[in-house]
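Before any single contact is examined, it helps to take in the whole chain and then to follow one pair of elements in detail. Please keep the sequence and the model side by side while reading.

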Amino acid sequence: MKTAPHDREAERAVIGCVLLRPNALDTVADLLTPDHFFVPANAEAFRCMLSLRGRGEPIDVFTVESESTRLGVGPTVGGSAYLAGCQAEVPTAENVRHYARVVFDNAIFRRLADELSTIAGECSAVRGDVDEFVADAERRILAISMPLASLRHGEFEMADAIRRAVARI
């Protein structure tokens, strides 16, 4: 079985950029949620960062570690050593939007792959109207692409995303 699409380095870079420059979170908060991250440590670290930001508290290695303990996800995040490692890997926070887009795109590919796999499985069991089945499958796939609408600007076509997701299955 193939590994789900993800980029550990891009995920760590997002976390590192925000630790390096906390206002970088404002640059990516409209694009990413914790669910976009594949690696649980990164998802929970991002969740902690959003929580801290929501309360107007500072974001740094120690406050994120403390927040992870408060939220009961400390072991998942991996402590200050993991967070400091993320921060040390990025020389600047200027590219945070690029890293976030890589994380976002991989999340879309994972969702497409999951949905296409489900649809493929349903094909062998379908007994109803084929037009209705296809219309439902199209709706489900297009629902995944909705977040792309505001980002697309000609750079990302749904057909390309579907082709790449199918190739990864």
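The paragraphs below go from the chain as a whole to the packing of one helix pair.

The model shown here is predicted, and its chain contains 9 helices and 0 strands, so that, read along the sequence, the pattern is α-α-α-α-α-α-α-α-α. Of the 169 residues in the chain, 43% count as buried, while the surface that the chain exposes comes to about 9000 Å², with carbon and sulfur atoms supplying 55% of that area. Among the contacts in the chain with a separation of 6 or more, 71% are accounted for by residues that lie 24 or more positions apart in the sequence.

One pairing that can be followed in detail is that of helix 1, residues 8-20, with helix 7, residues 96-123, whose axes come within 8 Å and cross at roughly 140°. Angles over 145 degrees would count as roughly antiparallel, and helix 1 and helix 7 are therefore described as oblique to each other. The crossing of helix 1 and helix 7 is left-handed.

On the side of helix 1, the contact is made by Ala-10, Glu-11, Ala-13, Val-14 and Cys-17, and these face Val-96, Tyr-99, Ala-100, Val-102 and Val-103 of helix 7 across the contact. Sorted by character, the residues of this contact between helix 1 and helix 7 comprise 9 nonpolar, no polar and 1 charged; Glu counts as charged, and Glu-11 of helix 1 is one of the contact residues.

Technical notes: Residues are numbered from 1 along each chain as its sequence is written. This is a predicted model: local features need pLDDT of at least 70, side-chain atom pairs count only at pLDDT 80 or more; totals for chains, interfaces and linings use all residues. Side-chain values use heavy atoms; hydrogens and water are left out. Axes are lines fitted to C-alpha atoms, for helices over the stretch in contact, and angles run from 0 to 180 degrees between N-to-C directions. Helices (H or I, at least four residues) and strands (E, at least two) are DSSP runs, numbered from the N terminus. Angles under 35 degrees count as roughly parallel, over 145 as roughly antiparallel, 65 to 115 as roughly perpendicular and the rest as oblique. A crossing is left-handed if the near helix is turned anticlockwise from the far one by less than a right angle, and right-handed if clockwise. Contact means heavy atoms within 4.5 Å. Buried means under 20% relative accessible area, exposed over 50%, partly exposed in between (1.4 Å probe, protein chains only). Accessible areas come from the Shrake-Rupley method with a 1.4 Å probe; for residues, only the protein chains shown count as cover.
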